[in-house]
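Let's take a walk through this structure together, one neighbourhood at a time. Have the sequence and the 3D view open side by side as you read.

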Amino acid sequence: MSVLEIENLRFTYGEDQLYNNASVKIFDGEHVGLVGKNGCGKSTLLNLIAGKMSQDSGEIILDHTKSYTYLDQHLEVKNDLSIGEYLYDVYSDLYKLEHDMNKLYESLESADVKDYDKIISKAEKIQETLDEKGFYRIKSQIGNVINGLGIDEDEDKLLKDLSGGQRAKVFLGKMLLEEKDVLLLDEPTNFLDVSHVEWLSKYLNNYKNAFIVISHNFDFLNACCNVIVALENKVLTKYKGNYDAYLLQREQNLASYEKAYIKQQKEIKKEEEYIQKNIVRASTTKMAQSRRKQLEKIERLEKPETEKKVTFSFPFTKSFNVAALEVKNLSIGYSDKHVLDNLNLKFEFGKKYAIIGANGVGKTTFVKTVLGLIPSLGGSIKLAPYNNILYYAQEEEILDMTPIDYVRLLYPNMDNTEVRTLLGVYGLSGKLATEKIKELSGGEQARMRFARLSLKASNLLVLDEPTNHLDKNSKEALFKAISEYQGTVILVSHEASFYKKLNMEEISFEV
């Protein structure tokens, strides 16, 4: 039985059409990975399904006997709620039942003896319901999700005081605990480290209900999905199997689509030539008009999308013969909390290092400390004076400007042509260069940031989770740029398949 049907969907964003009569059916229990290049409309599709936006035409049919939930990392909740209150609220109806049951037992003290059996029977029925719904396993269930996702904050901490990453994990945790019939998940692994991505993939793989997940972590999609829906050429195509199975089938399907497109274009051209030739002749006008009407009714295939080449670049300055960075007995954290103490590390010039470890262990805190963005809590930091540092932060505030404005903010002397050429190299050509940044996809925003970074030469490259949001082409471009970089690289990453292929020296942070 289908839990979601999309029929002949059309939606235009600005002047760009994202879907052209796109159709697909999702069935109960299917674990769906939604894939496609950055900016093709994957997140928009989830917003449409969730009812946060309205399509131009076509239908999105939900089974109203089913429950749906959507992971929105910008979800608005009461700021004064604590983590515990937010998560335990999932079971508020069961706690109310327990309260009602206790009230029934308390009422026995003053009840008439003849009413005892009736009261006890009601209380026992509630007890059976609580047992059936696992009421007495709630604490362990919540603990399992908290540990599995790496929510390492105190349960009494308010949601408003959490980082964006920790808040997203709490929202995801609540979704999993709710066990709705259909989950809509947009990039749920972005703030998870390797072990927590593995936990989530196992959890979702065993999830009894349906879900649709957007992710650029292909190992994750392989581990938890049994169906892939690809958004390509403005249509939705469904493939049975995981991501690897999709890749095997995809090439054949795209080749078939291209042949069909070429054939249709030839037929259209032939018809147009006939109409143009015969529309002015009295003897053939009616026939030409009839064929024109038939031609207008044809559902035209979109021109096959070509994979636009994206190039990443990190210009190099100069080399030197001393360590790029050395820390001794370093303590990091914040004024009210030490995260790690007694760190002794040496980063040799020209080598590539991957800093790995669980979320919250201090990877980003370490990077910010050695770069002087936050103060150390003790020990010494020795950055070679010859370093020219280039830093890609995991998160950056979304500015109310366009990509062109974003580049000019630091490079005001660049003219329009120079800025557009730069952005085009990173896949942000045409209208994408003049869109508001907040309207771009996560991958497009990331490529914009890398475009501006490419204007500065460096010999120490510090990258904090740079693969988040990037599609396959962009990851390959980033991989090539890092592998060819002649300077020192310090990479914080949760994506093992990415940094292991770079043969980096791994530095594991443990609490």
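A good place to begin is Leu-502, which is in contact with Phe-479, Ile-482 and Ser-483 once its neighbours within four places in sequence are left aside. You will find Leu-502 in the loop between H16 and strand E17 (505-509). Is this leucine buried or exposed? With a relative accessibility of 9%, Leu-502 falls under the 20% cut-off, and therefore counts as buried. The fold also brings a far-off part of the sequence towards this loop: Tyr-353 is 149 residues away from Leu-502 along the chain, yet their C-alpha atoms are 9.5 Å apart in space.

Before going further, please keep in mind that this is a predicted model. Now zoom out to the whole chain. There are 16 helices and 17 strands in it, and the C-alpha trace spans about 100 × 80 × 40 Å along its principal axes. Of the 511 residues, 46% count as buried. Sequence-distant pairs feature strongly too: among contacts between residues at least 6 apart in sequence, 70% join residues at least 24 apart.

Phe-450 shows what such a setting looks like from one side chain. This residue lies in helix H14, and its relative accessibility of 1% is why Phe-450 counts as buried. Which residues does Phe-450 touch, not counting those up to four places away in sequence? The list is Phe-312, Phe-314, Tyr-392, Tyr-426, Leu-463, Pro-466, Leu-470 and Leu-478. Take Tyr-392 from that list: Phe-450 and Tyr-392 are 58 residues apart along the chain, while 7.9 Å separates their C-alpha atoms.

Stay with H14 for a moment and look at how it packs. Two packed helices are described by the angle between their axes and the distance between the axes. For helix H12 (residues 403-410) and helix H14 (residues 442-453), the angle is about 30° and the axes are 10 Å apart. An angle under 35 degrees counts as roughly parallel, so H12 and H14 are described as roughly parallel to each other. The crossing of H12 past H14 is right-handed. On the H12 side, the contact is made by Pro-403, Tyr-406, Val-407, Leu-409 and Leu-410, and on the H14 side by Met-448, Arg-449 and Arg-452. Sorted by class, the contact of H12 with H14 has six nonpolar and two charged residues, with no polar ones.

Now turn to another helix pair. Helix H3 (residues 92-107) and helix H4 (residues 116-132) have axes that come within 9 Å and cross at roughly 155°. How are H3 and H4 oriented, roughly parallel or roughly antiparallel? Angles over 145 degrees count as roughly antiparallel, and H3 and H4 are therefore roughly antiparallel to each other. Their crossing is left-handed. Among the contacting residues of H3 are Leu-94, Leu-97, Met-101 and Leu-104, and those of H4 include Ile-119, Ala-123, Ile-126 and Leu-130. The contact of H3 with H4 has nine nonpolar, three polar and four charged residues.

Let's finish with charged pairs. Side chains of opposite charge can pair when their charged atoms come close. How many salt bridges are counted here? The count comes to 16. One of them joins Glu-198 to Lys-202, with the closest N and O atoms 3.4 Å apart. Both residues lie in helix H7 (residues 194-205), four residues apart, or about one turn of the helix. Glu-198, at 42% relative accessibility, counts as partly exposed, whereas Lys-202, at 51%, counts as exposed.

Glu-495 and Lys-475 form a salt bridge with their closest N and O atoms 2.7 Å apart. This pair links distant parts of the chain, with Glu-495 in the loop between strand E16 (488-492) and helix H16 (496-501), and Lys-475 in helix H15 (residues 472-484), 20 residues apart. Both Glu-495 and Lys-475 are buried. Helix H15 also holds both Glu-484 and Lys-480, four residues apart, and these two form a salt bridge with the closest N and O atoms at 2.9 Å. Lys-480 counts as partly exposed, at 47% relative accessibility. Elsewhere, salt bridges that share partners join Glu-30, Lys-238 and Lys-240 into one network.

Definitions and conventions: Residues are numbered from 1 along each chain as its sequence is written. Side-chain values use heavy atoms; hydrogens and water are left out. Axes are lines fitted to C-alpha atoms, for helices over the stretch in contact, and angles run from 0 to 180 degrees between N-to-C directions. Helices (H or I, at least four residues) and strands (E, at least two) are DSSP runs, numbered from the N terminus. Angles under 35 degrees count as roughly parallel, over 145 as roughly antiparallel, 65 to 115 as roughly perpendicular and the rest as oblique. A crossing is left-handed if the near helix is turned anticlockwise from the far one by less than a right angle, and right-handed if clockwise. Contact means heavy atoms within 4.5 Å. Ala, Val, Leu, Ile, Met, Phe, Trp, Tyr, Cys and Pro count as nonpolar, Asp, Glu, Lys and Arg as charged, and the others, Gly among them, as polar. A salt bridge is a side-chain nitrogen of Lys or Arg within 4 Å of a carboxyl oxygen of Asp or Glu. Buried means under 20% relative accessible area, exposed over 50%, partly exposed in between (1.4 Å probe, protein chains only).
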